[in-house]
Amino acid sequence: MSDRIYQGMTPEERLADRRERLIDAGFALYGTLGFTSTTIEKLCMIARISNRAFYECFATREELLEVIYHRCVEQSVQVASQAAAQAPRTLEGVLEAGIEAYIRFITDDPRRAQIMYVERAKASTAYLAETVQMNAAAFFQVAGADLDLPDTVDPGMAARGLNGAMESILLEWVTAEDPFPIEQVIASVKHVFLRTLTP
């Protein structure tokens, strides 16, 4: 077994280390240069691995983007869920806390916003076709299943519609030459959600 240890790591640990370095490199490059301009060579140079090692971790650049995107979503939902859990257990209280935490987390690092709302659309839809359902499900993870919605509101349809509205607002922010203040973005998203979900 000892002959399989190199630089203090097993082969499995080295593979995991390369994978994380590629994820870090992808986050940096996809979030600045963009998906289209980021080559495997650039990713490997930043990650300090060989091109061959890239294919031991990911089949394509799209697969790497998928992993980074999903990690961004999971992190943002976790932040929003924590904020919502500490808010008053009313629809307004939970949504306002969750929305503000979610948007601030995404926009605090422009690379995160770029990846989630611009670059993911440039990747193969075969890899990212489930992201609409994922984001819609995230809404209810933040809001909490114990909240009462109006009888006239279909939860799935509301989630998809509200997710689309928030995506449109955040996409406008991240692509604008002179973006709106974050406070205005947060207030706008809160207004859309609350007007939709409250009688």
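The expected span of a helix is 1.5 Å times one less than its number of residues. I start there because the model on the screen is a predicted one, and helix H5 gives a simple check of its geometry. H5 has 18 residues, so its expected span is 26 Å. The C-alpha atoms at its two ends are 25 Å apart, which agrees.

Staying with H5, which of its residues are buried? Towards the start of the list are Leu 91, Gly 93, Val 94 and Leu 95, followed by Gly 98, Ile 99 and Ala 101. The list ends with Tyr 102, Ile 103, Phe 105, Ile 106 and Thr 107.

Two of those residues matter for the next item, the nonpolar core. The largest such core has 51 residues, and Tyr 102 and Ile 103 have the most contacts inside it. Eight helices are worth pointing at here: H1, H2, H3, H4, H5, H6, H9 and H10 each supply at least two residues of this core. H4 gives the largest share, nine residues. As background, nonpolar side chains tend to be buried together in soluble globular proteins.

What does Tyr 102 touch, once neighbours within four places in sequence are left aside? Its contacts are Ser 76, Ala 80, Met 116, Tyr 117, Met 166 and Leu 170.

Now a helix pair. In general, two packed helices are described by the angle between their axes and the distance between the axes. For H1, residues 11-30, and H4, residues 61-85, the axes come within 10 Å and cross at roughly 85 degrees. Angles of 65 to 115 degrees count as roughly perpendicular, so H1 is roughly perpendicular to H4. On the H1 side the contact is made by Arg 19, Glu 20, Leu 22, Ile 23, Gly 26, Phe 27 and Tyr 30. On the H4 side it is made by Arg 61, Leu 64, Leu 65, Val 67, Ile 68, Arg 71 and Cys 72. By class, the residues of this contact divide into nine nonpolar, one polar and four charged.

Two single residues to finish. Arg 48 lies in the loop between H2 and H3. Its phi is near 60 degrees, a positive value in a residue other than glycine. Is Arg 48 buried or exposed? Its relative accessible area is 62%, so Arg 48 is exposed.

The other is Ala 187, in helix H10. With a relative accessible area of 43%, Ala 187 is partly exposed. Its C-alpha atom is separated by 9.0 Å from that of Glu 96, and the two residues are 91 residues apart along the chain.

Technical notes:
Residues numbered from 1 in each chain as written. Predicted model: local features only at pLDDT ≥ 70, side-chain atom pairs only at ≥ 80, totals over all residues. Heavy atoms only, no water. Axes fitted to C-alpha atoms, helices over the stretch in contact; angles between N-to-C directions. Helix = DSSP H or I, 4+ residues; strand = E, 2+ residues; numbered from the N terminus. Parallel < 35°, antiparallel > 145°, perpendicular 65-115°, else oblique. Contact = heavy atoms within 4.5 Å. Nonpolar A, V, L, I, M, F, W, Y, C, P; charged D, E, K, R; others polar. Core = buried A, V, L, I, M, F, W, Y, C linked by side-chain atoms within 4.5 Å. Buried < 20%, exposed > 50% of the residue type's maximum accessible area, 1.4 Å probe, protein only.
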